Amino acid sequence: MDQFTLNLLFVGASFALYIGIAVWARAGSTSEFYAAGRGVHPVTNGMATAADWMSAASFISMAGLIAFTGYDNSSFLMGWTGGYVLLALLLAPYLRKFGKFTVSEFIGDRFYSKTARLVAVICLLVASITYVIGQMQGVGIAFGRFLEIDTTWGLLIGSCVVFAYAVFGGMKGVTYTQVAQYCVLITAYTIPAVFISLQLTGNPIPALGLFGEHTASGEPLLAKLDQIVRDLGFAEYTAAHGSTINMVLFTLSLMIGTAGLPHVIMRFFTVPKVSDARWSAGWTLVFIALLYLTAPAVGAMARLNISELMWPNGTDAAAVSVEQIENDPEYAWMATWQKTGLLDWEDKNGDGMIQYYNDANADLQAKAEANGWTGNELTKFNRDILVLANPEIASLPGWVIGLVAAGGLAAALSTAAGLLLAISSAVSHDLLKGQLTPNMSEKSELMAARISMAAAIVVAVILGLNPPGFAAQTVALAFGLAAASIFPALMMGIFSTRINNVGAVAGMLAGLVVTLLYIFLHKGWFFIPDTNLFTDADPLLGPIKSTSFGAIGALVNFIVAFTVAGMTKETPQEIKDLVESVRIPRGAGAAAADH
Amino acid sequence: MVDQSAQTPAKAKDDDAGYWSTNIRIITICLVIWAVVSFGFGIVLRPLLSGISVGGTDLGFWFAQQGSIIVFLALIFFYAWRMNKLDREYGVEEE
């Protein structure tokens, strides 16, 4: 059986499973559509939240970004897990106690203002749509690879699948399918990593193999990697190169953003009790950590494998020949990925070999001239293909490659579906039913939810054709936006009775606008290429890149909210009582009854 | 803080302010640890830990790529356990 058929088989079987579950658990009432009737066990909820959370960015993109940058991109690892501490300690139990369906409902009620609710909806939509763009990028790459077509076609086909899939079930369908998706994606991520870790270090646990010994050379794996990348003129893997300030702010943005993203927070509305909401955050992180502890190993080991494939006889001997790339089955993955347009090479100096090195490094110029190299000949290696190509790079069996394709799609699909659900509930539940047409019937509310999903996909596809960065970087922008707008409002709503309606609205708007502006200045207006005034290589404010600005935006939000609240009318007593009641778990069950 | 409330269960009832300030104290302690392992050991204080080597690199690198995640997990489970206990001490748990 050839690889293409095998991929189709794995992807097809996993899809049949998800659709089967979605149909079996089809949502009937609006309550089930949004929150699964609050009957979900913390462990089940944790697993589903983990699938919802770990998207194309975590599965497909993150290890690639770590592989090619090394230590500096540890921010992704700390940021996307550390946010759960904030979520568990500062938000989840209280939002569950409050007992409504959506984040903007909480903001609207706590800040006793329809305007606050509307602003929250806008913030949610901006962050969620940016996030969906990143997912669609991942979907495009995964479909492009396994159908062996250009990523643009992959993106278009993928978006149809995502839409059909998200429209079928609401939260309940999504909860149980997401459990299935978690199982598929974690297996798909772990199995190749175990194989590769065994090959390189003899240790079956990749997280331990990363700090273990490289069997072939007898040196520690990371020392070996540092030496190889140094020989090729690249920055040392384990050393810090970027600005410390930027790394701190970037990590913080990802953390705060995690705790401010609507599709994750919504999950904690669906557990039965406040105490379960606390455990649920922990279980979620357990399931996330299984992947996140493996990811740095995947990145480092893949970088080592790629370097050794390009220099099969060591960095001082001859590079891999074009003939070998074209004919040796070990290099077959390069031709397959060339079809997606995300990998390319060119024998610039016509010596029949492909030299892969850092041609921007001045120290390597002498060596390059002496050997007749005229530039790096592995001309294109999109970071986002690394995880999907990894089993092929390590020459693993065909079924592992099929499994990884299915896992990548599971990750992208589950998050895209969760986000679309958050978007559709924001539009139909908060915007239409909550503001414009309060007398809307349940049936038309569900219809509006589905139409808004379709609209969101169209926008995401159009923007996803010209993405503002690699998938994980696009997603990082979405986190910055959520960090600057939603998280501060939620936190102040629970921990401070001083913040009033005007303060919250001013804070959210200030945080959102300033962050969006900073992102657009660096990434182009509405992400349209070449409309940017600055680049992340030379940012407007010192070392602070656009992906790191969320933390600053959040600070602006807090300052503006406190200043404005201090100058305007005090919070009414009944709202202070509401805040007091949200802080105490007692009596949580009754709150949802009016829906 | 554990002993105080355990010794005076009768007083603890209906003391919502006491419950909340204990909660804030627990949160603060957890968040200090959260910041020290990630922003501290993983990033800013990494040069100070460079003398301690772990598998071909230093302890700061380990904290940045694995250690902080493990500590985060421990923090969340500790908080859930501690708060569910605190709920019962103050009699504010759900029915």
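These legends go with a set of close-up views of a predicted model, looking at chain B and the place where it meets chain A.

**View 1. Where chain B and chain A meet.** Start with the whole contact, which draws on 53 residues of chain A and 44 residues of chain B. Together the two chains bury about 4200 Å². Carbon and sulfur atoms give 72% of that area.

**View 2. The salt bridge between A:R278 and B:D87.** Zoom in on this pair and you'll find the closest N and O atoms 2.9 Å apart. The interface of chain B and chain A has 1 salt bridge by the rule used here, and A:R278 with B:D87 forms a salt bridge.

**View 3. Polar contacts and the helices of chain B.** Across the interface of chain B and chain A, 13 residue pairs are in polar contact, with both partners at pLDDT 80 or more. On the chain B side, α3 (16–44) and α4 (59–89) each bring at least two residues to the surface that touches chain A. It's α4(B) that gives the most, with 19 residues. What kinds of residues make up this side of chain B? They split into 26 nonpolar, 11 polar and 7 charged.

**View 4. How confident the prediction is along chain B.** On average, chain B has a pLDDT of 87, and 86% of its residues score at least 70. Now look at residues 1–11 of chain B, where pLDDT stays under 50. For this stretch, the model has 9 contacts beyond four places in sequence.

Note on methods: Residues are numbered from 1 along each chain as its sequence is written. Chains are lettered from A and ligands numbered from 1 in the order in which they are written. This is a predicted model: local features need pLDDT of at least 70, side-chain atom pairs count only at pLDDT 80 or more; totals for chains, interfaces and linings use all residues. Side-chain values use heavy atoms; hydrogens and water are left out. Contact means heavy atoms within 4.5 Å. Buried area is the accessible area (1.4 Å probe) that two parts lose on being put together, summed over both. A salt bridge is a side-chain nitrogen of Lys or Arg within 4 Å of a carboxyl oxygen of Asp or Glu. A polar contact is a pair of N or O atoms within 3.5 Å; within protein, one must be able to donate a hydrogen and the other to accept it, and residues adjacent in sequence count only if both atoms are side-chain atoms. Helices (H or I, at least four residues) and strands (E, at least two) are DSSP runs, numbered from the N terminus. Ala, Val, Leu, Ile, Met, Phe, Trp, Tyr, Cys and Pro count as nonpolar, Asp, Glu, Lys and Arg as charged, and the others, Gly among them, as polar. pLDDT is the predictor's confidence in each residue, from 0 to 100.
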